[in-house]
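Please work through the exercises below with the sequence and the coordinates at hand. Each task is followed by a worked solution.

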Amino acid sequence: MELRKSEAKAIQRGLKDLGIYADEIDGDLGGNSLTAANAYLLANDARLPSGYSAWPNKRKFVACIQMLSADAGFDPGVIDGWLGTDTRNASTLYIRTLDGLEIINVFESDPIDVNPNNWPSDKASDLNAFYGTPRKNNNCSAIEPRIVKVDSPWRMPLDWNMAQSRSFFKVHEIVAPSLERILAAIEASYSESEVNQLGLNRFSGDYVCRKITGGTRMSTHAYGIAIDFYGSKNELKRTTHDTPPPTLAHADCQAFWEAFENEGWYSLGRAQNYDWMHVQAAKGRASRFYSH
Ligand SMILES: [Zn+2]
C-alpha cells in the first residue's frame, strides 16, 4: 500500500509536535520532511532493525508513522517500515487523535468473539478455500451463481438515494441461514420505529464484485459475505472536528452488533474501531479465531 496524503500530513504533524520539523503541514514529503524523519529515526534507532538507515525514503516514512501511532497507543504491528493492514489501521486511529476526534468505544462490553459457523479469516487464501475464488480483474463468476437473496424484515432505503429502497440482501448461500437468524434477532430487539430512528435499515451495500478500497485484493463484498449499513453517517474516514461520531457506534446499537457477533460475524467498527458501516462473515485480525 502507498502512504496516503493524510498519513504524510500526520507524519509532519507528529514530527512538528516533537519539535523536529518546522516546515508546512502539506503532505508533501520533501527534503525538510526527510531530514526530520531521519532525525526521528536516529533518536529511536533502538526500536528499529539494524540497517534501517539504508532503507528507501518511503520505508523510513512508514516507520515514522508506525512509531508515532504506537506512541499514541495504537498497534501498528512490527516497526519495520512496511505499510500493511495493521499499520494502516493504527495510522487511521492516530490521525483521528491528531484531528481531535474522539476514539469511540461507547459500548458496555467488548465485541463477542465466538465462531459458531467456523467463518474463515478474512485473508484471501482462507476466503477462497471457504467461499470460492473470485478471479482477478473483477471477475466473480465462481461466486455469482452462489449469491442468494435473504428477505429483510424492513424496507431498506438506499442510503445514497433515499427515494429508492430494497427489501432483501444479496449474500453467499453459505451465510444466508446465518443472516436470517441475525435479522430475526435484530427484529426481536428493536421496534420498527427504533430501526428507522437508528438507521439500522439504511442499506449501503452487500454483494458487489470489486477489490478492497485502495488495494488489490478482492473485497469481502466480492464474496457476498459483507454488508454495509448507513454509510453516510459511518464512513471509513472522518476528517474534521465537526464530523460527528459514527452513529452505529452508539450504545443503542449494541444489540444490533451482538446479533451479528453471536453468529460469528465481525464488525470492523466494534473490533477495530475503524469502519463502522461494515460487517462480514469472516474474522479480522482482532479476533482470536484469526489465523496468522
Ligand atoms: Zn463494507
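The exercises concern a predicted model and treat the overall fold, one helix pair and two backbone positions.

**Exercise 1. Overall form**

Determine how many helices and strands the chain has, and judge its compactness from the radius of gyration.

Solution.
- Step 1: The secondary structure of the chain consists of nine helices and six strands.
- Step 2: For 292 residues the globule rule gives 19 Å, and the radius of gyration of the chain, 21 Å, is close to that value, so the chain is as compact as a globular protein of that length.
- Step 3: The C-alpha trace extends over about 60 × 40 × 35 Å along its principal axes.
- Step 4: Buried residues make up 39% of the 292 in the chain.
- Step 5: When contacts between residues at least 6 apart in sequence are considered, 56% of them join residues at least 24 apart.

**Exercise 2. The packing of α1 and α3**

Describe the geometry with which helix α1 and helix α3 pack, and classify the residues of their contact.

Solution.
- Step 1: The helices span residues 5-17 (α1) and residues 57-71 (α3); their axes lie 10 Å apart and form an angle of about 65 degrees.
- Step 2: Angles of 65 to 115 degrees count as roughly perpendicular, and α1 is therefore roughly perpendicular to α3.
- Step 3: The crossing of α1 past α3 is left-handed.
- Step 4: On the α1 side the contact involves Glu7, Ala10, Ile11 and Gly14, which meet Phe61, Cys64, Ile65 and Leu68 of α3.
- Step 5: Sorted by character, the residues of this contact comprise six nonpolar, one polar and one charged.

**Exercise 3. Two positive phi angles**

For Asn118 and Tyr230, state the phi angle, locate each residue and decide whether it is buried or exposed.

Solution.
- Step 1: As background, most residues other than glycine have a negative phi.
- Step 2: Asn118, although not a glycine, has a positive phi of about 55 degrees. Tyr230 is likewise not a glycine, and its phi is positive at about 50 degrees.
- Step 3: Asn118 is found in the loop between α4 (85-98) and α5 (124-131). Tyr230 is in the loop between β4 (226-229) and α8 (254-261).
- Step 4: A residue counts as exposed with 12 or fewer C-beta neighbours within 10 Å; Asn118 has 9 C-beta neighbours inside 10 Å and is therefore exposed.
- Step 5: The cut-off for a buried residue is 20 or more; Tyr230 has 22 C-beta neighbours inside 10 Å and is therefore buried.

Note on methods: Residues are numbered from 1 along each chain as its sequence is written. This is a predicted model: local features need pLDDT of at least 70, side-chain atom pairs count only at pLDDT 80 or more; totals for chains, interfaces and linings use all residues. Helices (H or I, at least four residues) and strands (E, at least two) are DSSP runs, numbered from the N terminus. Axes are lines fitted to C-alpha atoms, for helices over the stretch in contact, and angles run from 0 to 180 degrees between N-to-C directions. Angles under 35 degrees count as roughly parallel, over 145 as roughly antiparallel, 65 to 115 as roughly perpendicular and the rest as oblique. A crossing is left-handed if the near helix is turned anticlockwise from the far one by less than a right angle, and right-handed if clockwise. Two residues are in contact if their C-beta atoms, placed from the backbone, lie within 7 Å. Ala, Val, Leu, Ile, Met, Phe, Trp, Tyr, Cys and Pro count as nonpolar, Asp, Glu, Lys and Arg as charged, and the others, Gly among them, as polar. The radius of gyration is taken over C-alpha atoms; the globule rule is 2.2 Å times the number of residues to the power 0.38.
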